[in-house]
Amino acid sequence: MKQFFTIFFLSILSLNVPAQEPNASPDRALELFTQGNYAEALPMYEQLIERYDREAKYNYYLGVCLVEQRQNNSEAIRRLKYALSRRVNRDVHFYLGKAYQKAYEFELAEKEFNNFLKYATNGDPRRAKALRYVQDCQSATSLITKHFSIQIVNKDTVPNQQLLSMYKIPTDAGTLAKNKSFFKTGVPPEKIMYRTEKGDDVYFVLEEPDTTLHDIYFMEQLLERWSGSKNLGEPINSDFDDRHPFLMVDGTTFFFASDRPGGMGGLDIYRSIFDPVSDTFSTPENLGPPFNSPDDDFLFAADPFGERAWFTTNRGVAPGQVVVVKIVWDNGVFKNLTEDINQIKEIAALPLSEGNFWEDRIQKEKEKKSVSRGGNIQQFQFYINDTLVYTNFDQFLSDVARAEFKRGQSVDMQKDSLEQVMRNKREQYSKSYNQEELSRLMDEILELEKTVYGHDDQVKRHYIRARQLEMDKISELKNRGAYDGVKKTTPGKTPNSGAISRPLKSGDFSFYSDDEFQSRQKRLNPMYDKYFSPAQIQVLQQTDSMYTWANIMQLEASKLLESSVTFNEEEEQQSLLEKVRNLDSLSKNANAQAENTESLSKQARYMKQQALSMYHEALDKKFNIYKPVLKRMAENSGTGKWDNLLGEAQSRFEQANNGIDKMAVWNPGQYEDLGGLKRQAIEMIETSLLSHNPADNATIASTPSNTNRNTSSIKTQETPAQIEENAAQSSNSKDIVQTAFEQKTKSAAIQNPVYKIQIGVFRNTPDSDALAQIPEITSQPVPGKDLTRYYTGNWNKYSEAVQSISRVRNNGFPGAFIVAFVDEQKISLEEAKSMSGE
């Protein structure tokens, strides 16, 4: 009994004593180390070093395990240095070099790698790695001279397979996903792809044959299918591992990861700018610290609307784990010069910003929005009408309008990036002396200008649609009695839609009001009085003026273009002897002449773009005012006439706007044609409104109404502000229509003049459907230029040509004008009318 009690008591005592970890076996630890199982060997050597701290071999094995497991790098250096001092193993140079490299001690790392290379055999796989590590140390030494200043909001350590769950990117910025979510077969299912915000472009990676390396590929959505995969090629792809693509919403800034030489080690994040004109990418730029490190850094993605971004790194975590870093991505992200290596070490540790930064930022945004609703602070200014302005997204009542406005902002960002590309090419042009390169750069700059102009118009289209959709929503709510109103702001000036960027001022042009414009005013004013409010009438009169100004500006643009051509023609007409005699002066003036011609052409293109933008803006404004009136008339009429008219007009506007959206680059000819569609819709509406009350139409020639209209020469009319000052230098006391195409009269026998309508100067043949709607077409090549002047008709009287000008303009050539010829030589209209007795 006593014996049993003693055994039982000892058993109880044993239950209360903590279990002791089994002593690490040196043989088992060495076996795991030799197999490369550093994760299991590491804790064993940590135990052994506690008992045998001065054992050189254990210091060496522990140091190697720490390096390979990316754990406690400073401790790894201490252990490996001790092992080196005891000459325990020559391989210590290789691992000590890796430890120094991860500690940003690149000179020491390079020295250790070179020591290792002195004895490493060609068959040792670490030899090739050491050679590459030396390259990485050398390039890293250059990269750390500058660094980005970033604010880190959050860091999450997760298994590598779960990193995508940490990226909270809105669909407005695109979609990151695994390949298997989009592709059924043919691609690595677990690799990460990116799909743009519109969903029509996909960037993904494929493994190169017989390697573990990757290249980045691209696919685009066609009408009813996807295109084949296209390798992005150099400079994005290389002979090394290239992966993790991400395209910013601006459509040009491209991020990806690569382990190519020239980085800091492992995968590094690179940025490249896409040039849509040449369909090429710029040389990728390594972002440097703190985005990149001697470890793997990859998958940069940004939400520019939310001013945040993410990237992933495996620095400081065990294999299989990664750290997803969330940062603030705004105007505060910029590069600084590095003071010393300690500064790099500090930011490379990715310390969180002090305080609960993101929550503080969200709170500040809420406060800003709250104040913004009160009208004191604004995030942006978007005019819904003359008195209603939105300053943040929450004020939109229509979700569709809000989305359309965001699309406009996105295109605006793309335009900014393209302008930067254009500035870079202009800088290259100014520094180049190679004629082939100069010619290529000039072509690319001109194409970029077209694209930028096209983006300008797309932005306007999105904003105009957003405005229309929001007004429709407000009208719907008002009809239901559910509209509470939105905070109204009285702007200090007329809303800026983009065509006019500074206050209008008179005197820039001498304005000529032709008979057609006067008759249009007299015809439309009574209709305006009958159907519209004084405020609406004021806008409608403004659009009539804008429409006429657009025509005047197109005339001036054509004159500038012809001036640039004439400049070259005069030079070509010099005799060979004159050229030889003036060889020295010609050589001296060659650059000045080229610059003058280019300047005139550029002014002409710019003015043409402004004129067409004003033309479309005038038509869009008119339609926005006409549309509600037609809706009310349709509701009050049971015939369906007004419903059909509104549907037909709206269909033409939609067809025109869709055509504009599909324009990849700025195309003035196509833009004119689409403007003609809108003009046809407006003419249909105005004709119907006028014919609706014939009695009023009989009093068209009544006295001017109380809205103070001008039905005579509008000399005091203000001009579009974006026209450059020198565009009007040729204007004088004569009106601009009279002088725009005035040339020196050439001596000729007195004959009867012939009148034609010039529809434009084009590089490509105008639309055949539009040409089929107007009188017989003739053309005249512009000497020395890849341009052709196109004319329509052949009349003996100026009055006969006037009767056809409206038809030509309404069929897609709003800039058409009348010209006169005698003996196939152009003369001024004044002289021609004098000769024909008109």
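This is a short dialogue on reading helix packing and sheet order in a predicted model.

User: Where do I start with two packed helices?

Analyst: Two packed helices are described by the angle between their axes and the distance between the axes. Try helix α7 (residues 106-117) and helix α8 (residues 125-143) here: their axes come within 9 Å and cross at roughly 155°.

User: What does that angle say about how α7 runs relative to α8?

Analyst: Angles over 145 degrees count as roughly antiparallel, so α7 is roughly antiparallel to α8. As for handedness, α7 passes α8 in a left-handed crossing.

User: Which residues of α7 and α8 make the contact?

Analyst: From α7, look at F106, A109, E110, F113, N114, F116 and L117. On the α8 side you'll find R126, R127, A130, L131, Y133, V134, C137, Q138, A140 and T141. Sorted by class, that contact has 11 nonpolar, three polar and three charged residues.

User: Can you show me another pair of helices?

Analyst: Sure, take helix α2 (residues 26-35) and helix α4 (residues 56-68). They pack at an angle of about 40°, with axes 12 Å apart. α2 and α4 are therefore oblique to each other. Here, too, the crossing of α2 past α4 is left-handed.

User: Which residues meet between α2 and α4, and how do they divide by class?

Analyst: P26, L30 and F33 in α2 meet Y58, Y60, Y61, V64 and C65 in α4. That contact of α2 with α4 divides into eight nonpolar, no polar and no charged residues.

User: Now the sheets. In what order do the strands of the five-strand sheet come?

Analyst: With a sheet, read the strand order, then the pairing sense, then the edges. This open sheet has five strands ordered β3-β4-β5-β6-β7, with antiparallel pairing. Its edge strands are β3 (175-178) and β7 (230-231), each pairing on one side only.

User: How many bridges join β6 and β7?

Analyst: Strand β6 (residues 214-220) and β7 pair in the antiparallel sense over two bridges. To find the register, look at Y217, which stands opposite N231 in β7.

User: And what is the strand order in the four-strand sheet?

Analyst: That open sheet goes β2-β15-β14-β13, and the pairing is antiparallel. At its edges sit β2 (152-159) and β13 (297-303), each paired on one side only. The twist averages 15° from one strand to the next.

User: Where can I check the register between β13 and β14?

Analyst: β13 and strand β14 (residues 308-313) pair in the antiparallel sense over five bridges. Go to D297, which stands opposite T313 in β14.

Methods: Residues are numbered from 1 along each chain as its sequence is written. This is a predicted model: local features need pLDDT of at least 70, side-chain atom pairs count only at pLDDT 80 or more; totals for chains, interfaces and linings use all residues. Side-chain values use heavy atoms; hydrogens and water are left out. Axes are lines fitted to C-alpha atoms, for helices over the stretch in contact, and angles run from 0 to 180 degrees between N-to-C directions. Angles under 35 degrees count as roughly parallel, over 145 as roughly antiparallel, 65 to 115 as roughly perpendicular and the rest as oblique. A crossing is left-handed if the near helix is turned anticlockwise from the far one by less than a right angle, and right-handed if clockwise. Contact means heavy atoms within 4.5 Å. Ala, Val, Leu, Ile, Met, Phe, Trp, Tyr, Cys and Pro count as nonpolar, Asp, Glu, Lys and Arg as charged, and the others, Gly among them, as polar. Two strands pair if DSSP finds at least two bridges between them.
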